[in-house]
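Biologist: I am new to this structure. Please take me through its nonpolar core and the parts around that core.

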Amino acid sequence: MFKHLVVATNLHPGQPHFFVGYKDDGEYTEVIWTNDSWQARWFDAADAQTEAQLLLMLCPNYTIEAQQVSSAGAAR
């Protein structure tokens, strides 16, 4: 199975930001991003697509997509 990252590509031109998670204090939800793909949360394909769609609702001004990054765990 291929692994995917959720990426915001228009925060800073030429430097993608990778989705890490959420910080939720009950009244406000903050999306946490990183510049380092190794610190990002890795997803299976379907989960990455779902998360990207959810993030588009929270971050409507961002260009967000799921990107395949590895074949780790692929069937042999």
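Modeller: The core comes first, followed by two buried residues and a surface patch.

This is a predicted model, where local features need pLDDT of at least 70, side-chain atom pairs count only at pLDDT 80 or more, and totals for chains, interfaces and linings use all residues. Residues are numbered from 1 along each chain as its sequence is written, and side-chain values use heavy atoms, with hydrogens and water left out.

Start with the largest nonpolar core. It has 12 residues: V6, A8, F19, V31, W33, F43, A48, A52, L55, C59, I64 and A66. A nonpolar core is a set of buried Ala, Val, Leu, Ile, Met, Phe, Trp, Tyr and Cys residues joined through side-chain atoms within 4.5 Å. Buried means under 20% relative accessible area, exposed over 50%, and partly exposed in between (1.4 Å probe, protein chains only). Strands β1, β3 (29-34) and β5 (64-70) each supply at least two residues of this core, and so does helix α1. Helix α1 gives the most, with three residues. Helices (H or I, at least four residues) and strands (E, at least two) are DSSP runs, numbered from the N terminus.

Now pick out F19. Beyond its neighbours within four places in sequence, F19 is in contact (heavy atoms within 4.5 Å) with V6, V31, I32, W33, A40, R41, F43, E51 and L55.

Next, H4. This residue sits in strand β1 (residues 3-12). H4 counts as buried because its relative accessible area is 10%. Residues up to four places away aside, H4 touches R41, W42, F43, D44, A45, A48, Q67, Q68 and V69. H4 and Q68 are 64 residues apart along the chain, yet 4.3 Å separates their C-alpha atoms.

T34 is in strand β3. It is buried because its relative accessibility is 10%. Its side chain makes a polar contact of 3.0 Å with the side chain of Q39. A polar contact is a pair of N or O atoms within 3.5 Å; within protein, one must be able to donate a hydrogen and the other to accept it, and residues adjacent in sequence count only if both atoms are side-chain atoms.

Finally, the surface. Y22, L54, M57 and L58 make a nonpolar patch of about 400 Å². Helix α1 (residues 45-58) provides the largest share, three residues. L54 lies in helix α1. L54 is partly exposed because its relative accessible area is 37%.

Terms used
Patches are made of residues with over 30% relative accessible area and no salt bridge: like charges are joined within 9 Å, nonpolar side chains (Val, Leu, Ile, Met, Phe, Trp, Tyr) within 5 Å. Accessible areas come from the Shrake-Rupley method with a 1.4 Å probe; for residues, only the protein chains shown count as cover. A salt bridge is a side-chain nitrogen of Lys or Arg within 4 Å of a carboxyl oxygen of Asp or Glu.
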